[in-house]
Amino acid sequence: MSDTTSDSLPDATRDGVTTKTGRDRAQYGLCAALAVLGVLLLADAARIGHATSSNDPVGPRPVPIILGLLLLVTAVLYAVDVFRGGVGSAEEGEDVDLSTGSDWKTLGLLAAFFILNAVLIEPLGWVISGTILFAGSAFALGNRHHVRGLLIGLGLALATFYAFAIGLDVNLPAGVLQGIL
């Protein structure tokens, strides 16, 4: 009796690593999800009314139609690749040791700084909460130069504040610095 079934092909060895080749059913699930997303995007684009103006002669419909079609084409091409036995390559180029566990302390600190930013952005404003977010994230990721981290965080927060205000015409909350910025 043979080990190979209709759903799997024999094991392949590449660079000394043995991997199971064949049709991975989970990949077909991803193909189906891409196809469903493409169909939903096309259906939603069909509901957009025909709206053009002198500033926008094309209107809002072409972009979701193009994206929906591209998602459908990607789903079909991906399904064909999976059917032919295509598999992704194993982790080769990353400098990540897959045998070690997750760094929950770093993840917890990053989550805490993001939550703190969400809580402080309205009362203190983006510049102060963004500075805390950027400097705190740098600290969580290993930066131990606190003053430099705060100064760089302040620079990033100010740059994004003015980039949104001037470049995008979106006003981020100024908080306690209202009238100063």
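A residue counts here as buried when its relative accessible area is under 20%, as exposed when that area is over 50%, and as partly exposed in between. The structure is a predicted model, and these classes are a convenient way to read it, beginning with helix α2.

On one side of α2, the residues Val63, Val76 and Leu77 are exposed. By contrast, Pro64, Gly68, Ala75 and Val82 of this helix are buried. Viewed along the axis of α2, the buried residues fall within an arc of 65 degrees, and they therefore line one face of the helix. The general background is that an α-helix has 3.6 residues a turn, so that residues three or four places apart point the same way. What the buried residues of α2 pack against is α1, which runs over residues 25-46.

The length of α2 can be checked as well: with 22 residues at 1.5 Å a residue, the helix should span 32 Å, and its end C-alpha atoms lie 31 Å apart, which agrees. Aspartate 81 belongs to this helix, which covers residues 62-83. The relative accessible area of aspartate 81 is 39%, and because this value lies between the two cut-offs of 20% and 50%, the residue is classed as partly exposed. Although aspartate 81 and glutamine 27 are 54 residues apart along the chain, their C-alpha atoms are separated by 9.9 Å. After α2 comes glycine 85, and the phi angle of this glycine is positive, near 100 degrees.

Further along the chain, attention turns to the nonpolar interior. The largest nonpolar core consists of eight residues, namely Phe113, Ile121, Trp126, Val127, Leu133, Ala157, Phe161 and Ala174. Two or more of these residues come from each of the elements α3 (104-124), α4 (126-140) and α5 (146-167), and α4 gives the most, with three residues. As a general tendency, nonpolar side chains in soluble globular proteins are buried together. Within this core, leucine 133 offers a closer view of the packing: when its neighbours within four places in sequence are set aside, leucine 133 is in contact with Phe113, Phe114, Asn117 and Trp126.

The last stop is aspartate 169, which is found in the segment after α5. Its phi is near 60 degrees, a positive value in a residue that is not glycine. Aspartate 169 has a relative accessibility of 64%, and because this is over 50%, the residue counts as exposed.

How values were computed. Residues are numbered from 1 along each chain as its sequence is written. This is a predicted model: local features need pLDDT of at least 70, side-chain atom pairs count only at pLDDT 80 or more; totals for chains, interfaces and linings use all residues. Side-chain values use heavy atoms; hydrogens and water are left out. A nonpolar core is a set of buried Ala, Val, Leu, Ile, Met, Phe, Trp, Tyr and Cys residues joined through side-chain atoms within 4.5 Å. Buried means under 20% relative accessible area, exposed over 50%, partly exposed in between (1.4 Å probe, protein chains only). Helices (H or I, at least four residues) and strands (E, at least two) are DSSP runs, numbered from the N terminus. Contact means heavy atoms within 4.5 Å. The expected span of a helix is 1.5 Å times one less than its number of residues. The arc is that of the directions from the helix axis to the C-beta atoms.
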